Amino acid sequence: MENRKKILIALGSFKDVFNPIESKNLIQKLLINANTNVDVTTITVADGGEYSHEVVKENLDCIEIKVGNILTPHKTKITSSYLMLDSDTAFISSSHILRLEDDLEKFKNPLNLTSFGLGQLIKHAILDSKVTKIFIGLGGTNTVDGGIGMLQALGIAFLDKSGSHLVPVDGVFFSGRDLKNVEGIERGNHENLFKNINIVSLCDGKINIEEMHTPNNQKISGIYNNERDRINKVLANGIQKYASTVGKYINKKNIEQKWFYGVAGGINLSLRCFFNLEMKLGITFFIDKLNLTEHIRNSDLVVTGEGRFDNSLSGKTPVGISQIAKTYNKEVLYLVGSVGEEFKVYFDGNISRNLPLSIKENGISTMISCHNFNENIDIPLNAIDRKKVYRKNTEIVFKQSIIELFNCKEWC
């Protein structure tokens with residue numbers, strides 16, 4: 001009897017199109033329909049960015065703590081939550097509170113958004129749940145305020161150029177537009193309050209402050225296209241100014257060049273000021289907690305992917321998965337909605353096996369991308385309608401391509 005192929009599907013979200021559960025369910029269906037002689041194992045994964053809360057909640061033994069009156073980035077109050085991993089340890093996802101859904105496109109101007117809600121969740125975990133360690137997933141946020149809103153929620157004040165307490169531009173909550181006005185951070189008893197709190201920031205990449213332009217630009221909705229250049233300039237100047245202020249506070253030079261400080265709109269800058277902070281790639285946490293290495297070792301084919309392959313080699317989870325697969329000589333099928341401009345030349349149609357060395361060295365054997373399909377049709381400007389089109393097209397492209405691959409004896 002012919003041996004059945006063991007396939008591991010380890011997928012997170014396809015950004016703004018499918019959440020992790022939808023992703024794994026879709027690909028499992030397509031693989032089984034293409035070839036019934038397969039055994040499929042599925043795992044939802046994350047990297048500290050979007051849907052990290054959901055992945056931890058689904059896969060780990062934890063308790064969800066709900067907290068009322070938490071401020072969203074656009075300054076409305078909701079009930080949000082964090083997860084208790086044990087009696088002393090919490091998991092808080094920044095994207096769970098600081099990410100805006102598609103129906104909130106009109107608010108996606110980072111100059112107006114605050115990380116205050118994240119600070120509220122941290123404060124509750126410390127004061128109410130009495131934790132001494134917090135894992136904070138960083139990534140998938142719409143804010144670019146360097147974490148000053150978060151620190152405001154923790155009771156920390158900022159100073160203006162006269163040495164007086166800085167007042168937010170809107171008079172209430174600090175946001176991205178206030179960064180340029182922060183000349184100092186007030187020292188007080190907060191350092192004693194937080195000094196025994198250990199925070200591990202699980203970052204969805206390792207970019208520094210100087211590399212923030214691309215993710216910052218992606219956080220601005222099309223509604224603000226006429227203002228896009230100005231918004232980006234104000235954000236860049238503001239975050240550079242705040243990084244300099246933080247560098248003086250913690251007595252460290254060139255902090256803007258250090259890895260991880262550009263993640264999630266610069267939140268690590270503020271965390272560094274008051275907590276025992278360890279910064280690392282979020283994938284390391286999820287590889288360990290989800291036992292991914294063992295699952296990969298026991299598979300014949302690993303299927304992973306993401307919404308867009310661009311700066312993915314800088315620490316994104318699916319590349320981390322493919323790197324592990326390479327160590328065990330496992331074939332990797334990498335699924336994406338699109339690729340950066342520099343990679344499009346490697347595609348003739350929707351499938352590429354002629355990938356550049358930089359990608360192959362990271363264990364990726366075959367890549368399927370929807371970009372050629374989507375670039376030949378009209379895509380709606382409205383975010384909700386655009387999502388519907390991408391969902392439909394993604395399934396079409398993946399279905400056709402997977403069938404084509406399974407019909408190729410060399411590939412199987």
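## Exercises on a predicted fold

With a relative accessibility of 43%, Asn254 counts as partly exposed. The model you are looking at is predicted, and the exercises below start from this residue and work outward to the whole chain.

### Exercise 1: Asparagines in a loop

Task: Work out where Asn254 is placed, and what sign its phi has. Then decide whether Asn251 is buried or exposed.

Solution:
- Step 1. Asn254 belongs to the loop that runs between H8 and H9.
- Step 2. Its phi is positive, about 55°, although Asn254 is not a glycine.
- Step 3. Asn251 is placed in the loop between H8 and helix H9 (268-274).
- Step 4. Asn251, not a glycine either, has a positive phi of about 60°.
- Step 5. The cut-off for exposed is over 50% relative accessible area. Asn251 has 69%, so it counts as exposed.
- Step 6. For a further example, go to the end of H10: just after this helix, Asn291 takes a positive phi of about 55°.

### Exercise 2: A glycine with many contacts

Task: Find the place of Gly146, classify its burial, and list which residues it touches beyond four places in sequence.

Solution:
- Step 1. Look between strand S6 (133-138) and helix H5 (148-153): Gly146 sits in the loop there.
- Step 2. Buried means under 20% relative accessible area. Gly146 is at 0%, and therefore counts as buried.
- Step 3. Leaving out residues up to four places away in sequence, Gly146 touches Leu179, Ile239, Tyr242, Gly265, Gly266, Ile267, Leu269 and Ser270.
- Step 4. For a distance check, take Leu235: it is 89 residues from Gly146 in sequence, and their C-alpha atoms are 9.9 Å apart.

### Exercise 3: The nonpolar cores

Task: Identify which residues of the largest nonpolar core touch the most other members, then follow the contacts of Phe275.

Solution:
- Step 1. The largest nonpolar core holds 60 residues, and those touching the most other members are Ile122, Ile134, Tyr242, Leu271 and Phe275.
- Step 2. Helix H8 (residues 228-250) supplies the largest share of this core, eight residues.
- Step 3. Setting aside neighbours within four places in sequence, Phe275 is in contact with Ile122, Ile126, Leu154, Phe194, Ile197 and Ile199.
- Step 4. There is also a second, separate core of 25 residues; Val45, Leu202, Leu292 and Ile321 are included in it.

### Exercise 4: The buried residues of a helix

Task: Pick out which residues of helix H10 (residues 282-289) are buried.

Solution:
- Step 1. Recall that an α-helix has 3.6 residues a turn, so residues three or four places apart point the same way.
- Step 2. Now read off the buried residues of H10: Gly282, Ile283, Phe285, Phe286 and Ile287.

### Exercise 5: A strand, a helix and a loop

Task: Classify Ser338, Lys399 and Val172 as buried or exposed, or in between, and locate each one.

Solution:
- Step 1. Ser338 lies in strand S12 (residues 331-339). Its relative accessible area is 17%, so Ser338 is buried.
- Step 2. Not counting residues up to four places away in sequence, Ser338 touches Gly307, Arg308, Phe309, Ser369 and His371.
- Step 3. Lys399 is found in helix H15 (residues 383-406). With a relative accessible area of 46%, Lys399 is partly exposed.
- Step 4. Lys399 and Leu26 are 373 residues apart along the chain, yet 9.5 Å separates their C-alpha atoms.
- Step 5. Val172 is in the loop between strand S7 (158-159) and strand S8 (184-185). At 45% relative accessible area, Val172 is partly exposed.
- Step 6. From Val172 to Lys75, 97 residues apart along the chain, the C-alpha separation is 9.9 Å.

### Exercise 6: The whole chain

Task: Decide why the radius of gyration of the protein chain agrees with a compact globule, and add the overall picture.

Solution:
- Step 1. For 412 residues, a compact globule would have a radius of gyration near 22 Å; the protein chain has 22 Å, so the two agree.
- Step 2. The C-alpha trace spans about 75 × 50 × 40 Å along its principal axes.
- Step 3. The protein chain contains 15 helices and 14 strands, and 57% of its 412 residues are buried.
- Step 4. Among contacts with a separation of 6 or more, 74% join residues 24 or more positions apart.
- Step 5. The accessible surface is about 18100 Å², with 46% belonging to carbon and sulfur atoms.
- Step 6. Finally, count charges: there are 49 positive and 47 negative side chains, and the centres of the two sets lie 2 Å apart.

Key:
Residues numbered from 1 in each chain as written. Predicted model: local features only at pLDDT ≥ 70, side-chain atom pairs only at ≥ 80, totals over all residues. Heavy atoms only, no water. Buried < 20%, exposed > 50% of the residue type's maximum accessible area, 1.4 Å probe, protein only. Helix = DSSP H or I, 4+ residues; strand = E, 2+ residues; numbered from the N terminus. Core = buried A, V, L, I, M, F, W, Y, C linked by side-chain atoms within 4.5 Å. Contact = heavy atoms within 4.5 Å. Rg over C-alpha atoms; globule rule 2.2 N^0.38 Å. Areas by Shrake-Rupley, 256 points an atom, 1.4 Å probe, with all protein chains shown as cover. Lys, Arg positive; Asp, Glu negative; His and termini not counted. Charge placed at Lys NZ, Arg CZ, Asp CG, Glu CD.
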